[in-house]
Amino acid sequence: MGDDRVKNEAMETMSLFQVLPRLVVFDLDYTLWPFYCECRSKRDMPSLYPNAKGIIYALKDKGVDLAIASRSPTPDIANTFLQKLGIKSFFVAQEIFSSWTHKTDHFQKIKQKTGVPYNEMLFFDDEDRNIEAVSKMGVTSILVGNGVNMGALRQGLTEFSQNQSSLEKNKQRWRNFSQKSSSSGTEEQ
Ligand SMILES: [Mg+2]
C-alpha cells in the first residue's frame, strides 16, 4: 500500500536525525489536504495529499506528538473530515478557529495544552505570513508549496536540527561566559 511505503521512507528519513521535534504541528487547508474545507460539504469524502498519511503514521510511531493549527472558519467541516479520514485521534491538540493573528494565538493555546516549548516544535503551513509570525515565536516553521511531502519533512527535520544545534552553541557560549565572569570575580576578591 502507498501509505506504508511512504511511512517506511519517512521512518528512514527520521532515523538520520539525532534530534527530533517533540511536537509537529500541521495546518489543514493546502497543507494536509488540497482544498479549503469551507468550500466543501460535510457529506463529501475528503482525501489528503498523497504523502500526508504515511508521514503522520511515521511521526506517531517515532513517538512524536502531533497537533493542528488551522484558521478555518468551518471547524465543524474540518472535524468531520478528520474523523472520516481516521486521523482525528492522532492529534493531541486541535486548534481550529478563525483569527486575525497569523496563528500566534493558536500556538499559545497549543503550548498551554501540551507543555511543549516553542523551540521543540516543528510547523508546516502553506501561507508565508503564518510561517513568518510563528517562526518569530521560536518554532521551526516550514512553508509547503504542494502539501506535506517527503521533501518538506526532510527540510523540516534539517532546519529543526540546525536550530537546535545553534541553540546549544549559544547555551554553551553563555555557560563559558558566566564561568569566566564568576572565576574572574573570585580572583579579584
Ligand atoms: Mg492553509
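Helices and strands are here taken as DSSP runs, of at least four residues for a helix and at least two for a strand, and they are numbered from the N terminus. With that in mind, the chain of this predicted model can be read from its N terminus as the succession α-β-α-β-α-β-α-β-α-β-α, which amounts to 6 helices and 5 strands.

Before turning to single elements, it helps to consider the protein as a whole. Its C-alpha trace spans about 75 × 40 × 25 Å along the principal axes, and of its 189 residues, 32% count as buried. If one takes the contacts between residues at least 6 apart in sequence, 69% of them join residues that are at least 24 apart.

The interior can be approached through the largest nonpolar core, which has 41 residues, and among these V25, F26, I55, F123 and V148 are the ones that touch the most other members. Helix α2, covering residues 52-61, gives the most to this core, with 5 residues. To see what surrounds one of the core residues, consider F26: when its neighbours within four places in sequence are left aside, F26 is in contact with T31, L32, I68, F124 and V148.

Helix α2 also has a partner that can be described in some detail. Two packed helices are described by the angle between their axes and by the distance between those axes. For helix α1, which covers residues 2-15, and α2, the angle is about 50° and the axes are 7 Å apart. Because of this angle, α1 is oblique to α2, a class for angles that are neither under 35 degrees, nor over 145, nor from 65 to 115. The crossing of the two helices is right-handed. On the α1 side, the residues that meet α2 are D3, V6, K7, A10, M11 and M14, while on the α2 side they are K53, G54, I55, Y57, A58 and D61. Sorted by class, this contact has 7 nonpolar, 1 polar and 4 charged residues. One of its members, I55, has already been named among the core residues that touch the most other members.

Beyond α1 the chain enters a loop that leads to strand β1, residues 23-26, and L16 has its place in this loop. Is L16 buried or exposed? Since a residue counts as exposed when 12 or fewer other C-beta atoms lie within 10 Å of its own, and L16 has 10 such neighbours, L16 counts as exposed. Finally, L16 can be compared with S47, which is 31 residues away from L16 in sequence and lies 29 Å from L16 in space, C-alpha to C-alpha.

How values were computed. Residues numbered from 1 in each chain as written. Predicted model: local features only at pLDDT ≥ 70, side-chain atom pairs only at ≥ 80, totals over all residues. Core = buried A, V, L, I, M, F, W, Y, C linked by C-beta atoms within 7 Å. Buried ≥ 20, exposed ≤ 12 C-beta atoms within 10 Å, placed from the backbone. Contact = placed C-beta atoms within 7 Å. Axes fitted to C-alpha atoms, helices over the stretch in contact; angles between N-to-C directions. Left-handed = near helix turned anticlockwise from the far one by under 90°. Nonpolar A, V, L, I, M, F, W, Y, C, P; charged D, E, K, R; others polar.
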